[in-house]
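Colleague: Can we go through the cysteines and the aromatic rings in this one? I have some time before my next run.

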Amino acid sequence: MNRAHKRMIASGALAVALVWGPTIAQAQDSTPAGSDEPKAEEQVNSDILVTGSRIVRSGFQSPTPLNVIGETELRTQSVSNNVADFVNTLPAVAGSTRPANSRLAISSGLAGINALNLRNLGTTRTLVLLDGHRSVGSDITGDVDVNDFPQDLIKRVEIVTGGASAAYGSDAVSGVVNFVLDKGFTGLRMNVESGFNQKGDGFNYKGSVAAGMKFSGGRGHVLLDGEWAHKDGIFDASKYSWNQNGDRLLTNPGYSATNGQPQYLVVTGAGTNNTLPGGIINASAGATANALRGIYFGANGTVNRYNYGTTSNTTTSVGGNWALADGNRRIGLDAQEDRRGVFGRTSFEVSDALNIYGEASYNWHHTVFNAGPSLISSATLQATNPYVQQTLGSLLTGTNTITVGSSNAGFPYRVNDNTRSVQRYVLGGDGKFEWLGKTFRWTSYAQYGVTNTHEMERNIINNANLALALDAVSAPAGNALGVAAGTVVCRSSLTNTGNGCSPLNILGTNVSSASALGYVLGNPYRNQTFKQTVAEANLSVDPFSTWAGAVSLSTGFAYRREQVSGYVPSQYQTGWSVGNFLPTFGSYDVKEGYIETVVPLGMGLTINGAGRFTGYSTSGYVTTWKGGATFQPIHDITLRFTRSRDIRAPNLSELYQAGTSRTNTLNDPFNGNAVTSFLEVTTGNRNLKPEIANTLTFGGVVQPRFIPGLSLSTDYYDIQISGAIGQVYSQEIVNRCYNGLTAYCSAITRTPNGVTQLTVNLSPFNFSTIHARGIDFEASYQLPLSRISLPGELSLRGMATKYLKDYINNGIDRPIDYVGSMSDGVPQWIYRFAATYTLKDFTSALVVRGVSPGTISNSYVQCASGCPASTTSYPTIDQNHVGGATYLDLSLSRKVPLGRSSLEVYFNITNLLDKDPPIVASGGLSTTGSYFDLLGRSFRMGLRLQL
């Protein structure tokens with residue numbers, strides 16, 4: 001953060017102090033401020049758009065659980081300048097994709113997206129809506145980036161925490177998250193804010209302007225919004241204290257299949273020993289094998305001998321020179337982001353029977369993230385290589401080749417550089433009319449959305465060019481290149497003078513020439529276009545009444561088309577260490593109709609049923625349904641129950657993926673289990689069928705009349721998905737083919753002539769079973785402090801989810817329950833509690849949020865001695881505990897009247913106690929960013945002016 005930034009923040013902090021300073025001392029009693037958001041249990045307000053039901057009528061309480069986050073909470077408790085970060089603190093939301101945890105999404109195009117994940121069942125199983133309408137996806141999987149919504153116009157977030165496919169269609173397996181805009185806003189509102197963390201990292205700012213105006217006597221309304229935002233990236237994690245201790249997962253060098261020791265050890269003070277910043281010799285061949293092993297290279301090619309420490313295997317050392325690798329890790333913690341967005345809406349009430357509206361929006365989003373160093377894990381260099389001769393000299397006696405591993409500190413770091421633009425256009429209407437003595441209500445809209453992406457990976461190694469550049473020789477006299485004898489050149493250039501090869505030296509840091517780096521590194525990219533067309537119409541009426549009241553009926557039809565197309569230059573389709581892009585083309589159509597009813601039966605019992613009939617152009621027809629009931633035995637208690645059948649159709653990626661590829665190794669049973677290099681290619685499967693989910697929820701709400709303002713709710717959920725779409729991975733495919741399961745052999749090809757090339761093709765299939773269970777708890781209490789002769793109002797709200805099961809059975813390995821597995825699952829408990837104190841012009845909020853302790857992974861079997869047999873699926877480990885984390889956030893805001901206008905000053909501190917994340921030993925970072933705060937104490941402040 002530069003001095004100008006610091007001066008601006010310091011000045012802003014002084015302004016905050018001046019505005020707030022007299023506030024507390026001069027606080028006077030004021031009229032208690034009521035909550036401006038509907039309570040989660042009050043699913044009766046017709047202004048709530050998404051409740052798990054299409055029925056909208058006074059007094060109807062949907063049997064599907066619902067969480068509502070209102071405008072006050074969004075503004076006073078937000079942890080950053082985008083709403084997605086706030087929503088991700090809610091207990092029902094777990095495992096979301098965010099810019100901070102998508103660093104290694106190199107070939108998928110997911111990097112930089114804020115996509116929500118309910119129940120940790122996957123972002124593709126969570127339906128995200130804007131004002132009840134679908135939005136075009138930001139990637140090929142259909143994930144909707146919440147950053148594309150107009151952030152400062154969001155009035156409320158509604159979360160249906162249960163299956164809702166019968167009401168809203170495909171993808172609502174784990175629930176629905178609906179963002180509701182303040183479509184009735186009038187006036188002018190401007191907002192500017194900025195923030196950074198305690199280390200001065202992650203400087204960010206945001207500005208927005210919203211304007212609303214009525215016309216034609218209030219029958220028409222125009223709404224405009226524009227915003228821009230920037231966030232500096234945090235590309236170096238090495239200076240954060242929690243990441244400086246060398247926490248690693250070490251393959252136990254003393255392990256054998258029969259000695260009872262654990263296969264893996266959790267260690268501290270450890271680092272990689274086979275790839276160092278300037279390179280290290282891992283093997284040498286010649287008269288004395290491996291005589292040069294352990295020589296590593298420093299600045300400008302200095303020669304040193306590596307100390308392998310007290311415990312060491314072929315990749316990692318404990319003690320000794322462990323810090324040589326970890327001290328130079330160039331790993332990012334957060335992405336650099338730039339966002340621009342404009343939104344416009346016009347509506348006009350022609351009559352009671354017809355209200356029409358149109359919306360248009362454009363969003364541009366650019367993210368840059370450090371994807372880690374350009375590793376060369378095993379480069380074999382000839383002893384005659386001039387760079388080898390210059391660096392090692394007489395040490396080469398009797399040596400023919402050396403094998404070097406390097407993390408190439410002199411190379412520029414790899415970069416995810418993604419740009420997205422999203423356009424969305426909506427034309428719709430709603431109204432009501434009388435017919436046959438009944439009131440009919442209707443809604444209809446048509447939408448067209450286009451997303452254009454430019455997905456680039458910068459500074460990526462070209463494998464073919466690398467091989468040529470590392471094969472350096474001294475040019476002989478009279479060479480075809482016309483260079484002086486002894487000049488270092490590529491061997492290949494002596495016979496192919498026009499190949500452009502420039503020799504590469506990797507023996508040390510700062511020794512690679514700019515021309516060599518330019519030859520070896522490149523920037524593969526892919527352009528993709530996603531298009532979505534939606535048309536929908538809904539009609540509702542109360543056709544008749546029973547002894548207990550009116551029966552409600554809703555029906556509707558919808559059409560949706562999803563398309564993908566792309567372009568990749570041929571030179572970027574193969575041959576790169578990562579980021580081998582192929583263009584994907586495909587489309588599918590969805591046609592569906594639904595019917596839903598609500599029938600009151602008296603004595604506080606109401607039943608709700610829905611059915612939806614869906615036809616996919618790719619996979620035929622599917623029927624979904626829902627049955628539910630609410631029962632209110634007394635005014636204070638409401639019980640609710642739902643049973644539903646939900647679906648998720650395969651997305652464009654799963655159907656049409658043209659093929660992302662990577663080079664890796666496996667143990668080839670056809671060749672004595674030798675470690676074998678292979679090409680892994682992932683493609684789509686056009687024979688996929690929709691996933692089927694059976695969902696059960698039941699619970700209740702207590703709102704005791706003898707404690708006004710108190711509300712308690714508890715809901716249990718059980719989601720079982722059959723035919724879940726998943727993959728069998730390369731090693732298992734080869735093993736199964738070798739064991740005689742010939743159906744898997746078609747995925748394997750070997751080059752018949754010349755050098756053997758093993759290729760394994762991966763495709764998704766409907767073969768997994770997923771089972772998720774848990775309990776949601778919520779409590780809220782609003783207390784006007786005038787009851788105890790104090791000014792203001794105190795609002796308390798607590799939310800927690802107890803995850804009971806997160807079980808995946810792929811039909812191959814023994815099923816694993818991922819609850820409590822911090823690196824690849826979901827914590828047992830996620831909780832969030834907020835206390836808000838409100839005066840007339842002053843609001844303060846304290847938030848306590850966190851997760852319970854867990855394991856590194858539930859696939860590990862913990863033991864210190866006498867361990868059972870360690871397997872690929874269930875390896876043994878000496879320590880498998882990960883601590884929990886609790887964070888405090890503080891928010892303060894002060895409104896200053898300015899005549900008819902008002903100025904609001906706000907200040908937010910996230911992770912108030914500057915708590916470090918718990919350690920999750922692995923490679924790379926010493927923790928995980930999915931559930932823990934990596935950045936420490938962070939500050940944000942801003943001004944909001946409303947005219």
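Colleague: Is the link of C737 and C745 left-handed or right-handed?
Modeller: Right-handed, with 105° about the S-S bond. Bear in mind that this is a predicted model. The sulfur atoms of C737 and C745 are 2.0 Å apart.

Colleague: Are C737 and C745 buried or exposed?
Modeller: C737 is buried, at 13% relative accessibility. C745 is partly exposed, at 25%.

Colleague: How many disulfides are there in the whole structure?
Modeller: Three. Counting bonded cysteines along the chain, the pattern is 1-2, 3-4, 5-6.

Colleague: What about C490 and C501, which hand is that disulfide?
Modeller: The torsion about the S-S bond of C490 and C501 is about -75°, so that disulfide is left-handed. The link joins distant parts of the chain, eleven residues apart: C490 is in strand β24 (residues 488–490), and C501 is in the loop between α8 (491–495) and α9 (514–520). The sulfur atoms of C490 and C501 are 2.1 Å apart.

Colleague: Buried or exposed, those two?
Modeller: C490 is buried, with a relative accessible area of 1%. C501 is buried too, at 12%.

Colleague: And C863 with C867, what is the torsion there?
Modeller: It is 115° about the S-S bond of C863 and C867, a right-handed link. Their sulfur atoms are 2.0 Å apart. C863 is buried at 11% relative accessible area, and C867 is buried at 12%.

Colleague: Fine. On to the rings: how many aromatic pairs?
Modeller: The count comes to 18. One of them is F698 with Y716, a tilted pair at 5.1 Å centre to centre, with 35° between the planes.

Colleague: Which parts of the chain does the pair of F698 and Y716 tie together?
Modeller: F698 lies in strand β34 (residues 691–702) and Y716 in strand β35 (residues 710–726), so the pair ties together parts 18 residues apart in sequence.

Colleague: Which of F698 and Y716 is buried?
Modeller: Y716 is buried, at 18% relative accessible area. F698 is partly exposed, at 40%.

Colleague: Which residues do ring pairs link into a cluster?
Modeller: F196, F907 and F939.

Colleague: Last topic, charges over rings. Where does the charged end of K199 sit?
Modeller: Over the ring of Y240, 5.3 Å from its centre. The charged end of R345 sits over the ring of Y357, 4.6 Å from the centre of that ring.

Technical notes:
Residues numbered from 1 in each chain as written. Predicted model: local features only at pLDDT ≥ 70, side-chain atom pairs only at ≥ 80, totals over all residues. Heavy atoms only, no water. Phe/Tyr/Trp six-rings, centres within 6.5 Å; stacked < 30°, edge-to-face > 60°. Helix = DSSP H or I, 4+ residues; strand = E, 2+ residues; numbered from the N terminus. Buried < 20%, exposed > 50% of the residue type's maximum accessible area, 1.4 Å probe, protein only. Lys NZ or Arg CZ within 6 Å of the ring centre and 35° of its normal. Disulfide = S-S within 2.5 Å.
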